[in-house]
Amino acid sequence: MDSDALVIGAGPSGLLAAKTIASRGFSVRILEEHAKVGVPSHCAGLISVEGLKRIGVEASGSFVQNTITGGRIYSPDGQYVEIKDRRPRAHVIDRTALDQRLAELAVDVGAELTTGVRAERLTLSDGCVTGASGAGWVEEARLVIDAEGPSRRLAREAGVINNGRAPLLGVNTEIGCDVDADIVEVWFGEETAPGFFAWVIPTSGNQARVGLATKSGDPTKFLAGFVKKRFGDTKYLPPRAGQVLVEGPVNKSSFPGLLLVGDAAGHVKPTTGGGVVLGGLCAIEAGKTAVKALETGDTSTKTLGEYDEAWRRLYGSEFRSMQTLRSLADRVSDARMNRFFRVFRDAGLGDRVNELVAEGDMDLQEGVIRRALSEPGIMKAAIGGLGRLALAELRGLVNL
Ligand SMILES: Cc1cc2nc3c(=O)[nH]c(=O)nc-3n(C[C@H](O)[C@H](O)[C@H](O)COP(=O)(O)OP(=O)(O)OC[C@H]3O[C@@H](n4cnc5c(N)ncnc54)[C@H](O)[C@@H]3O)c2cc1C
């Protein structure tokens, strides 16, 4: 046996799972296909202040570039709602530097990281995953953590997951521009970003990460259109593309000898496509279950299945609420969205929403969804925008 645990992929989820297992004295090997951890990065790098703490990482100038206190949300016809908090709510981070910090933390507790090695397939014996192999090598481990990210190629080829809903394609670039340094912008509209939204995330008062994701069409063309609309004729760096998952968790993320974590398990917020914190939190649960399996010598689903139970117990209803909100958002036309913003503004709901958001949680969004749906004023605006039936569906799901 080459190691107790073999982790495939040195993204945040793989590294947090690796750190959790290695910190309990088990041997952990992490394989990363790229030459450098965190390179290339396509991530917009917005992570809640609370979320970073929850995954056990101290904010540091080595990766935190800016801090955000609020957001401006634009309707398709250009109306906007501004949400502002007194407290810092989110960090804008350099994802490459964050991933490298997470790698340091995993290596510090004994994990062994090898870069430039691509796992080509998971190896199986009698239906149990026993390791992985690649060009001219085979690694055996008592259990494998598949943290390969959104492609899920290894998991699909091993037959442990089927094709889910197609991911969105996201693109992200950096632009020199004049922006409010502490405000994130979110832009909706079928002409801007069909099926999702565009974002402007300031890294400072004169530089922003600008991107979007779409369910159809060429996102780079939509990005060019959005940049022109928002910033005029401005030059920008060639955008980087990546898959944005919004369909929610896979049905099953534990198999004999194998756990899926992070994007590979669909542990991404269906509302925003953000996966660093929620994916990381679930990956830490995977690490704890792996420790139990290694301690007891039982890597069957009897023990590894406790990982599925743990993330469902802790975050299952969060995922479900966010999935419902996503599926409603997918069905709201631009005209309805514009109407929603109008009713909302005319009813003067901004202050109340600010209070709700100030109390709310960027990562665990169920609480704020429930509270918003209990507010008569917000309900009235939402009925104008979403229609009664859609709203009843949402309320039913969060058991109001
Ligand atoms: C455009 C865009 C913007 C985003 N913005 C945000 C944001 O602002 N905030 C946020 O929280 N989330 C954001 N996300 C989502 C976030 O990037 C992911 O949820 C997160 O990276 C998932 O972490 P992970 O460790 O599961 O996978 P990844 O970060 O994808 O890491 C997987 C790693 O595995 C490696 N790998 C893959 N296959 C193999 C193999 N066969 N062998 C060896 N190594 C392999 C890859 O090289 C990679 O390093 C964004 C995504 C996109 C596409």
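Is strand 10 (residues 128-134) mostly covered or mostly open, and how many of its seven residues are buried? Strand 10 is mostly covered, with five of the seven residues buried. Buried means under 20% relative accessible area, exposed over 50%, and partly exposed in between, with a 1.4 Å probe and protein chains only. Strands (E, at least two residues) and helices (H or I, at least four) are DSSP runs numbered from the N terminus.

The model is predicted; local features need pLDDT of at least 70, side-chain atom pairs count only at pLDDT 80 or more, and totals for chains, interfaces and linings use all residues. Residues are numbered from 1 along each chain as its sequence is written, and side-chain values use heavy atoms, with hydrogens and water left out.

Strand 10 pairs with strand 9 (residues 121-125) through five bridges, and the two run antiparallel. Pairing requires at least two DSSP bridges between two strands. Threonine 123 faces glycine 131 of strand 10. Two residues separate the strands in this hairpin, where aspartate 126 has a positive phi near 50°. Strand 10 also runs antiparallel to strand 11 (residues 137-146), joined by four bridges. Here alanine 132 stands opposite glutamate 139 of strand 11. The hairpin of strands 10 and 11 likewise has two residues between the strands, and its glycine 136 adopts a positive phi near 80°.

The ligand is surrounded by 35 residues, of which Glu32, His34, Leu46, Ala119 and Asp263 come nearest. A residue counts as near if one of its heavy atoms lies within 4 Å. Polar contacts are pairs of N or O atoms within 3.5 Å; within protein, one atom must be able to donate a hydrogen and the other to accept it, and residues adjacent in sequence count only if both atoms are side-chain atoms. A polar side-chain atom of glutamate 32 lies 2.6 Å from a ligand oxygen atom. Backbone N or O atoms also approach ligand nitrogen atoms: alanine 44 at 3.1 Å and alanine 119 at 2.9 Å. The protein covers 91% of the 1000 Å² of accessible area that the ligand has on its own. Accessible areas come from the Shrake-Rupley method with a 1.4 Å probe.

Helix 1 (12-22), strand 2 (28-32), helix 4 (153-157) and strand 16 (240-244) each supply at least two shell residues. Strand 16 gives the largest share, three residues. Domain 1 (3-45 + 94-164 + 250-317) and domain 2 (64-93 + 168-244) both contribute to the shell, so the ligand lies between them. The domain bounds come from an automatic or database domain assignment.
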